[in-house]
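This report concerns strand pairing and charged side-chain contacts. The sequence and structure are shown first.

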Amino acid sequence: QVQLVESGGNLVQPGGSLRLSCAASGRIFTIYAMGWSRQAPGKQRELVARIFSGGSTNYADSVKGRFTISRDSAKNTVYLQMNGLKPEDTAVYYCNADLENWARRRDDYWGQGTQVTVSS
C-alpha cells in the first residue's frame, strides 16, 4: 500500500556528481522522516543522510560536506545530491521512510535500492 521508488543510480568517475531521487506513494497519512542508507559488498548497511518533517537533517561523517539531502514535501519525494564522489561511496543506496499510513500505523518502509558505482 506504500511504495518507495528510487532512481538516479549510475556509474560515475571519482570526483563526479549524482543526484538520487526517491518518491513515496500510496496510502500515506504523514511522513516523519525520509533518508538514505547504503550497503557496500561485504559491509553492513549504514545511514547516509536523513531529513525530518521539520526540516532538520543529519549526515554520516563520511559524507558531510559532500552530500546534501533535500525534499519536496508536496511530492513526498526526497533527494540526495552527491558531489565529490569517491570509490568508497560505491554501494547500493536505499531510500527509507518513517511514516504513518491511512490506518494510522507507523512503520519503516524501504525502497528496492539503486546502484551507485564510482570508478575510473
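Is D107 buried or exposed, or does D107 fall in between? In this predicted model, D107 has a relative accessible area of 30% and is therefore partly exposed, the intermediate class lying between 20% and 50%. The side chain of D107 forms a salt bridge with that of R105. R105 itself has a relative accessible area of 53% and is classed as exposed.

Side chains of opposite charge can pair when their charged atoms come close. In total, seven salt bridges are counted in the model. Three of the pairs are set out below with their N to O distances.

| Acidic residue | Basic residue | N to O distance |
|---|---|---|
| D61 | K64 | 3.1 Å |
| E100 | R104 | 2.3 Å |
| D107 | R105 | 3.6 Å |

The acidic members of these pairs also have assigned accessibilities. D61, the partner of K64, is exposed at 64% relative accessibility. E100, which pairs with R104, is buried, its relative accessible area being 7%. Salt bridges further join R38, E46, R66 and D89 into a network.

The strand arrangement may be described next. An open sheet is built from four strands with antiparallel pairing, in the order β1-β3-β8-β7. Its edges are β1 (2–7) and β7 (67–72), each of which pairs on one side only. From one strand to the next, the twist averages 15 degrees.

Within this sheet, β3 (residues 18–26) and β8 (residues 77–82) are antiparallel partners joined over six bridges. One of the bridge partnerships places L18 opposite M82 of β8.

Terms used. Residues are numbered from 1 along each chain as its sequence is written. This is a predicted model: local features need pLDDT of at least 70, side-chain atom pairs count only at pLDDT 80 or more; totals for chains, interfaces and linings use all residues. Side-chain values use heavy atoms; hydrogens and water are left out. A salt bridge is a side-chain nitrogen of Lys or Arg within 4 Å of a carboxyl oxygen of Asp or Glu. Buried means under 20% relative accessible area, exposed over 50%, partly exposed in between (1.4 Å probe, protein chains only). Two strands pair if DSSP finds at least two bridges between them. Helices (H or I, at least four residues) and strands (E, at least two) are DSSP runs, numbered from the N terminus. Axes are lines fitted to C-alpha atoms, for helices over the stretch in contact, and angles run from 0 to 180 degrees between N-to-C directions.
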